[in-house]
Amino acid sequence: MLSIGTIVLGAADVRRAAAFWGQALGYVPRDEVEEDWAVLVPASGTGPGLALGLSDTPVQDHPRVHLDLYARDAADQAAEVERLVALGAERVAWDSYPDDPDFIVLADTEGNRFCVIDTGH
C-alpha cells in the first residue's frame, strides 16, 4: 500500500520558501537547504515531508493541487491566518468562495496558493 511521503512545491527562491514553510508548519530541513532544492520534515518526526524545488513556472491563479492546513475552529483559523501573514503569506482575493466558506485562501512567499480550514465549521 502506498502512502504520501513528500509533497513538492515549486519556488523561485527555495531558501525563502523553506524558511516560510519551516516556521509555518514547525518543520525542519532534512538535509542542508540548497539553492535549488530543500526537503522539510516534521520536527516531531511524524507526517509527510514538504519538498521545495527551484521552478520558474508561473503560479496558477486556480491551482489544480494545493495544501489544506487544518485549524480547530474559527478562532484558531483567524489566529493562524494572522500568524502566517506575519511570516510572509498574503491573503488572496479568491473569486470562488461559497456563501459560507470554511476556508481562507492564502499564498506563500512564492505565490503558491493554500487554504486554512476551520474544521469546526
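This report walks through a predicted model of a protein chain, from its overall build down to a few individual residues.

**The whole chain**

Let's start with the fold. The protein chain has two helices and eight strands, and reading along the sequence gives the pattern β-α-β-β-β-β-α-β-β-β. As for size, the C-alpha atoms fill a box of roughly 45 × 35 × 30 Å along the principal axes. The radius of gyration is 14 Å, which agrees with the value near 14 Å that a compact globule of 121 residues would have.

How much of the chain is buried? Buried residues account for 35% of the 121 residues. If you look at contacts with a separation of 6 or more, 51% of them join residues 24 or more positions apart. On the outside, the protein chain exposes about 7,500 Å², and carbon and sulfur atoms supply 52% of that area. Charge is worth a glance too: there are 8 positive and 21 negative side chains. The centres of those two sets lie 2 Å apart.

**Aromatic rings**

A pair of aromatic rings is described by the distance of the centres and the angle of the planes. The count here comes to four aromatic pairs. In one of them, tryptophan 21 and phenylalanine 114 have ring centres 5.0 Å apart and planes at 65 degrees; edge-to-face starts over 60 degrees, so this pair is edge-to-face.

Which parts of the chain does that pair link? Tryptophan 21 sits in helix H1 (residues 14–25) and phenylalanine 114 in strand E8 (residues 113–118), so the two ends of the pair come from distant parts of the chain, 93 residues apart. Both tryptophan 21 and phenylalanine 114 are buried. Add Phe20 to Trp21 and Phe114, and you have one aromatic cluster.

Phe20 turns up again from another direction. Threonine 109, in the loop between strand E7 (103–107) and E8, is in contact with Arg16, Ala17, Phe20, Leu87 and Gly88 once neighbours within four places in sequence are left aside.

**Two glycines**

Glycine 47 and glycine 53 make a handy contrast. Glycine 47 is in the loop between strand E3 (37–42) and strand E4 (49–54), while glycine 53 has its place in strand E4. Are they buried or exposed? Glycine 47 has 46% relative accessibility and counts as partly exposed, whereas glycine 53, at 10%, counts as buried.

Apart from neighbours within four places in sequence, glycine 53 is in contact with Leu9, Gly10, Ala11, Val14, Asp36 and Trp37.

**Arginine 72**

Arginine 72 is in the loop between strand E5 (67–71) and helix H2 (74–87). With a relative accessible area of 62%, arginine 72 is exposed. What does arginine 72 touch, not counting residues up to four places away in sequence? Its partners are Asp118, Thr119 and Gly120.

**Separation in sequence and in space**

The table sets sequence separation beside C-alpha to C-alpha distance for some of the residues above.

| Residue | Partner | Apart in sequence | C-alpha to C-alpha |
|---|---|---|---|
| Arginine 72 | Threonine 119 | 47 residues | 5.5 Å |
| Glycine 47 | Glycine 5 | 42 residues | 7.8 Å |
| Threonine 109 | Valine 39 | 70 residues | 17 Å |
| Glycine 53 | Histidine 121 | 68 residues | 34 Å |

The arginine 72 row goes with the contact list given earlier, where Thr119 is one of the residues touched. Glycine 53 and histidine 121, on the other hand, are 34 Å apart in space.

Conventions
Residues are numbered from 1 along each chain as its sequence is written. This is a predicted model: local features need pLDDT of at least 70, side-chain atom pairs count only at pLDDT 80 or more; totals for chains, interfaces and linings use all residues. Side-chain values use heavy atoms; hydrogens and water are left out. Rings of Phe, Tyr and Trp (its six-membered ring) pair if their centres lie within 6.5 Å; planes under 30 degrees apart count as stacked, over 60 as edge-to-face and the rest as tilted. Helices (H or I, at least four residues) and strands (E, at least two) are DSSP runs, numbered from the N terminus. Buried means under 20% relative accessible area, exposed over 50%, partly exposed in between (1.4 Å probe, protein chains only). The radius of gyration is taken over C-alpha atoms; the globule rule is 2.2 Å times the number of residues to the power 0.38. Contact means heavy atoms within 4.5 Å. Accessible areas come from the Shrake-Rupley method with a 1.4 Å probe; for residues, only the protein chains shown count as cover. Lys and Arg count as positive and Asp and Glu as negative; His and the chain ends are not counted. The place of a charge is taken as NZ of Lys, CZ of Arg, CG of Asp or CD of Glu.
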